[in-house]
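Here is a friendly walk through one protein chain, with a few spots to look at as you turn it on your screen.

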Amino acid sequence: MKTTSRNRTGIVLGIVIALAVPVISLVVASLWEAGILSLEPNGAFVQALQATALWEIGLGPIGMVIIGRAARFTRAEWFLWAILEVPSLLVIWFVSVAFLGGLAGEPF
């Protein structure tokens, strides 16, 4: 079955929603560690970025559902998707929160 443009758009949208918060945190933390960004550890920007990390609890599953709906998963595929994607998403989220928090001096 060919994937239509609409299906691809839904899959890309789901990926963006599911990974937006951790990817932004990882990019900012990497730039901060490399010295490209100069941020205050207790500054407003870092605190706001750390606060948005909790959004991933809602955005991750929403993105996963959008991907599954766009790909038209069967029940078995939904089961496998959940088994594979939930731990992966949690690891990415944990690494991004720990990396940014570690640079700010408060990993958790």
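## A valine on helix α1

Val27 has a relative accessibility of 43%, so this residue counts as partly exposed. The cut-offs explain the label: buried means under 20%, exposed means over 50%, and partly exposed covers what lies in between. Val27 sits in helix α1, which spans residues 5–34.

Which residues join Val27 in a nonpolar patch on the surface? They are Val23, Leu31 and Ile36, and with Val27 they have about 330 Å² of accessible area together.

## How confident is the model?

Please keep in mind that this is a predicted model. The mean pLDDT of the protein chain is 87, and 93% of its residues reach 70 or more.

Where is confidence lowest, and where is it highest? Helix α2 (residues 44–52) has the lowest confidence, at a mean of 86, while helix α3 (residues 56–71) has the highest, at 91.

## Aromatic rings

Now for the rings. Two aromatic pairs are found in the structure. In one aromatic pair, Phe73 and Trp78 meet edge-to-face, at 5.5 Å centre to centre and with 80° between the planes. That angle earns the name because planes over 60 degrees apart count as edge-to-face.

Are these two rings' residues buried or exposed? Phe73 has a relative accessible area of 22%, so it is partly exposed. Trp78 is partly exposed as well, with 29%. Ring pairs also bring in Trp81, linking Phe73, Trp78 and Trp81 into a cluster.

Technical notes: Residues numbered from 1 in each chain as written. Predicted model: local features only at pLDDT ≥ 70, side-chain atom pairs only at ≥ 80, totals over all residues. Heavy atoms only, no water. Patch = residues over 30% accessible without salt bridge, like charges linked within 9 Å, V, L, I, M, F, W, Y side chains within 5 Å. Areas by Shrake-Rupley, 256 points an atom, 1.4 Å probe, with all protein chains shown as cover. Salt bridge = Lys/Arg side-chain N within 4 Å of Asp/Glu carboxyl O. Helix = DSSP H or I, 4+ residues; strand = E, 2+ residues; numbered from the N terminus. Buried < 20%, exposed > 50% of the residue type's maximum accessible area, 1.4 Å probe, protein only. pLDDT = per-residue confidence, 0-100. Phe/Tyr/Trp six-rings, centres within 6.5 Å; stacked < 30°, edge-to-face > 60°.
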